[in-house]
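Biologist: I'm new to this one, so could you zoom in on one part and then show me what lies around it? Plain talk is fine.

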Amino acid sequence: MNATEILDRLIGFPSVVGTPNDRIIAWIRDYAERCSAMVRVLPGPEGDRANLFITVGPNHVPGYILSGHMDVVPALEPTWTSDPFRLRADGDLLFGRGTSDMKGFLAAALAALPAIADMPLARPVHFAFSYDEEAGCRGAPHLIRRLPELCAKPIGAIIGEPSGLRAVRAHKGKAAARVEICGRSGHSSRPDQGLNAIHAFACVLLAAIRTGEALQGSRLDPSFEPPYSSLQVGTVSGGQAVNIIPDFLTAEIEARAVTGVTPTDLLEPVRLAAVALEQRGFQTRWELVSSYPALSLAADAPLARLMEELTADETLPAVSYGTEAGLYQAAGIDAIICGPGDIARAHRADEFIRVDELTACQMMIERLAETLRS
């Protein structure tokens, strides 16, 4: 199967983040085993979804990981012009949810698999496909923790997020939290008898706004756009009706941190503001929903130089979006971002990738394998 045919099959699996992924796992496993690859399905603690680890070549010596995620964001945008879970071709353009982010990379890697399997490899190529990346990289940590039992410590990891096939050496870290505030309900004509959770949240919101503003003048890294860490409240939900004192509110807060800053630390002023509400009779709950570290790979690192040879292009210093690359680096494995497509096409209606982008990515992966031949 060529990359377009494989992508057609992958898009047909609506592997939306947070949902079971057994169907896409089964198809990829069957395909890889027919290529004589070693396949391990690694169930996650959720019980209904899993990571996938595929090896070609000797796994007792260091090799390279090709990392991608099988999940996609929901396709709820009303402006889709075709079924988002059926690949639609229009000339050189291939439309569908996940074409760029990032089933295009998976398709290119799997299209290269038969050729790689036919090579006499002295070092292995591993395919590490994760789940729930779109929920804050929830699946990859479980896979990474099991690497010592799966293979020799890898030389490096290539994370195939859409980058125009330009290798990228850095991204920000991220942490997201959910806060719940419980007050006391009642009729709005007697506010003295209730505890208004929405009004109480104003203190938490103010802490978030002030923290975000302060970050603009704190530690700067000109590699990023913007060059500073950031914090925002992304969702707020609470209240039943205008004449009922709202007794419950939930909100989600996100922090993105430049290199050298711990993302969870940025959330601490907001958490303390929420905890302080308990002194006024409210009950609060703070939950860290997701967290992953920043990526920072030196320009002269062997992996960066290898990618320049494979792509015939200079590496880019940084991107603003986050990936699983920081998790691999935190585990002591050099990591870099390089994949087909454009992040600007992701998470929007009529997401697409070009056929020539798939072909170029497949060729890059096959060139990587050529460097590992006996």
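**A pair of helices, and what else packs**

Modeller: Let's start with helix α6, which passes helix α7 in a right-handed crossing (the near helix is turned clockwise from the far one by less than a right angle; anticlockwise would be left-handed). Keep in mind that this is a predicted model, so local features need pLDDT of at least 70 and side-chain atom pairs pLDDT 80 or more, while totals for chains, interfaces and linings use all residues. Numbering starts from 1 along each chain as its sequence is written, and side-chain values use heavy atoms, without hydrogens or water.

So, α6 covers residues 197–215 and α7 covers residues 263–276 (helices are DSSP runs of H or I, at least four residues; strands are runs of E, at least two; both are numbered from the N terminus). Their axes come within 8 Å and cross at roughly 160° (axes are lines fitted to C-alpha atoms, for helices over the stretch in contact, with angles from 0 to 180 degrees between N-to-C directions). That makes the two helices roughly antiparallel (over 145 degrees; under 35 is roughly parallel, 65 to 115 roughly perpendicular, the rest oblique).

Who meets whom there? From α6 come C203, V204, A207, A208, T211 and L215, and from α7 come L266, P269, V270, A273 and A274.

Pause at A208, which sits in α6. A208 is buried, at 3% relative accessibility (buried is under 20%, exposed over 50%, partly exposed in between, with a 1.4 Å probe and protein chains only). Neighbours within four places in sequence aside, A208 is in contact with L231, V233 and V270 (heavy atoms within 4.5 Å). V270 is one of the α7 residues in the helix pairing. As for L231, it comes 23 residues away from A208 along the chain, yet their C-alpha atoms are separated by 6.9 Å.

Now look at another pair: α1 (residues 3–11) and α3 (residues 99–117) pack at about 130°, their axes 8 Å apart. These two are therefore oblique to each other, and their crossing is right-handed. On the α1 side the meeting residues are A3, I6, L7, L10 and I11. The α3 residues they meet include T99, K103, G104 and L106.

A third pair is α8 (residues 302–311) with α10. Here the angle is about 125° and the axes are 9 Å apart, so this pair is oblique as well. The crossing of α8 and α10 is right-handed. L306, M307, L310 and T311 in α8 meet M364, R367 and L368 in α10.

Helix α10, residues 355–370, also takes us to a sheet: this helix lies across β5 and β15, at about 65° to β15. The sheet is open and antiparallel, with three strands in the order β4-β5-β15 (strands pair if DSSP finds at least two bridges between them). Strands β4 (88–90) and β15 (352–354) are the edges, each with a single partner, so one side of each has no neighbour in the sheet. From one strand to the next, the twist averages 25°. Three bridges join β4 to β5, residues 93–95, and A89 has L94 of β5 as its bridge partner.
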